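Please look over the sequence and the model below. A brisk report on the charged pairs, the sheet and the core follows.

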Amino acid sequence: MIRVRFVAADGTEGREVEAEEGAVLLEVAQNAGQPLEGTCEGQMSCSTCHVVVDAKDYARLPRASEEEEDMLDLAIGATRTSRLACQIVLTRDLDGLTVRMPPEHRDMQGR
């Protein structure tokens with residue numbers, strides 16, 4: 001099992017969950033009740049699953065594709081360690097990953 005810790009946008013301690021190796025971070029976050037929309041269902045045509053990866057964990061992730069970088073340019077509040085949760089596949093190397101919810105996000109579904 002891979003442990004992932006979610007931190008709320010205001011910095012308050014979130015919750016730690018366990019997920020199967022090979023799970024996609026977006027699905028893990030949504031199942032854990034995190035406020036990630038994922039409107040495009042992982043097709044990289046929106047930025048509603050933008051998360052900020054803890055700086056100490058960022059280097060453990062595979063490099064973002066050019067397409068992901070383009071989508072991150074559209075994300076509100078993107079930082080140097082921002083990624084799209086739909087593009088992060090959990091592996092043993094990512095055990096203990098910490099991600100923070102961004103302070104703002106686009107509501108593509110108009111809720």
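The side chains of Glu-68 and Arg-83 form a salt bridge, with 2.8 Å from N to O. A salt bridge here is a side-chain nitrogen of Lys or Arg within 4 Å of a carboxyl oxygen of Asp or Glu. This pair ties together distant parts of the chain: Glu-68 sits in helix 3 and Arg-83 in strand 4, 15 residues apart. Both Glu-68 and Arg-83 are buried. Buried means under 20% relative accessible area, exposed over 50%, and partly exposed in between (1.4 Å probe, protein chains only). Helices (H or I, at least four residues) and strands (E, at least two) are DSSP runs, numbered from the N terminus.

The model is predicted: local features need pLDDT of at least 70, side-chain atom pairs count only at pLDDT 80 or more, and totals for chains, interfaces and linings use all residues. Residues are numbered from 1 along each chain as its sequence is written, and side-chain values use heavy atoms, with hydrogens and water left out.

**Salt bridges**

The structure holds five salt bridges. Side chains of opposite charge can pair when their charged atoms come close. Three of the pairs are listed here.

| Pair | Closest N to O |
|---|---|
| Glu-68 and Arg-83 | 2.8 Å |
| Arg-3 and Asp-95 | 3.0 Å |
| Lys-56 and Asp-57 | 3.5 Å |

Arg-3 and Asp-95 also link distant parts of the chain. Arg-3 lies in strand 1, Asp-95 in the loop between strand 4 (82–84) and strand 5, and 92 residues separate them. Arg-3 is partly exposed, at 34% relative accessible area. Asp-95 is partly exposed too, at 27%.

Lys-56 and Asp-57 are set differently in terms of burial: Lys-56 is exposed at 56%, whereas Asp-57 is buried at 3%. Salt bridges join Lys-56, Asp-57 and Arg-60 in a network.

**The sheet**

In what order do the five strands of the open sheet lie? The order is 2-1-5-3-4, and the pairing is mixed. Strand 2 and strand 4 are the edges, each pairing on one side only. From one strand to the next, the twist averages 35 degrees. Axes for this value are lines fitted to C-alpha atoms, for helices over the stretch in contact, and angles run from 0 to 180 degrees between N-to-C directions.

Two strands pair if DSSP finds at least two bridges between them. Strand 1 pairs with strand 2 in the antiparallel sense, over five bridges. Strand 1 and strand 5 run parallel, joined by four bridges. Arg-5 shows both partnerships: Glu-16 stands opposite in strand 2, and Thr-98 is the bridge partner in strand 5. Strand 3 and strand 5 are antiparallel, with two bridges. There, Val-53 has Val-99 of strand 5 as its bridge partner.

**The core**

The largest nonpolar core has 27 residues, of which Phe-6, Leu-25, Val-51, Leu-90 and Val-99 touch the most other members. Such a core is a set of buried Ala, Val, Leu, Ile, Met, Phe, Trp, Tyr and Cys residues joined through side-chain atoms within 4.5 Å. At least two core residues come from each of strand 1 (2–7), strand 2 (15–19), helix 1 (25–31), strand 3 (50–53), helix 3 (66–72) and strand 5 (97–100). Helix 1 gives the most, with four residues.

Which residues does Phe-6 touch, not counting those up to four places away in sequence? Among them are Leu-25, Val-28, Ala-29, Val-99 and Met-101. Contact means heavy atoms within 4.5 Å. Phe-6 also touches Glu-13, Arg-15 and Gln-34.
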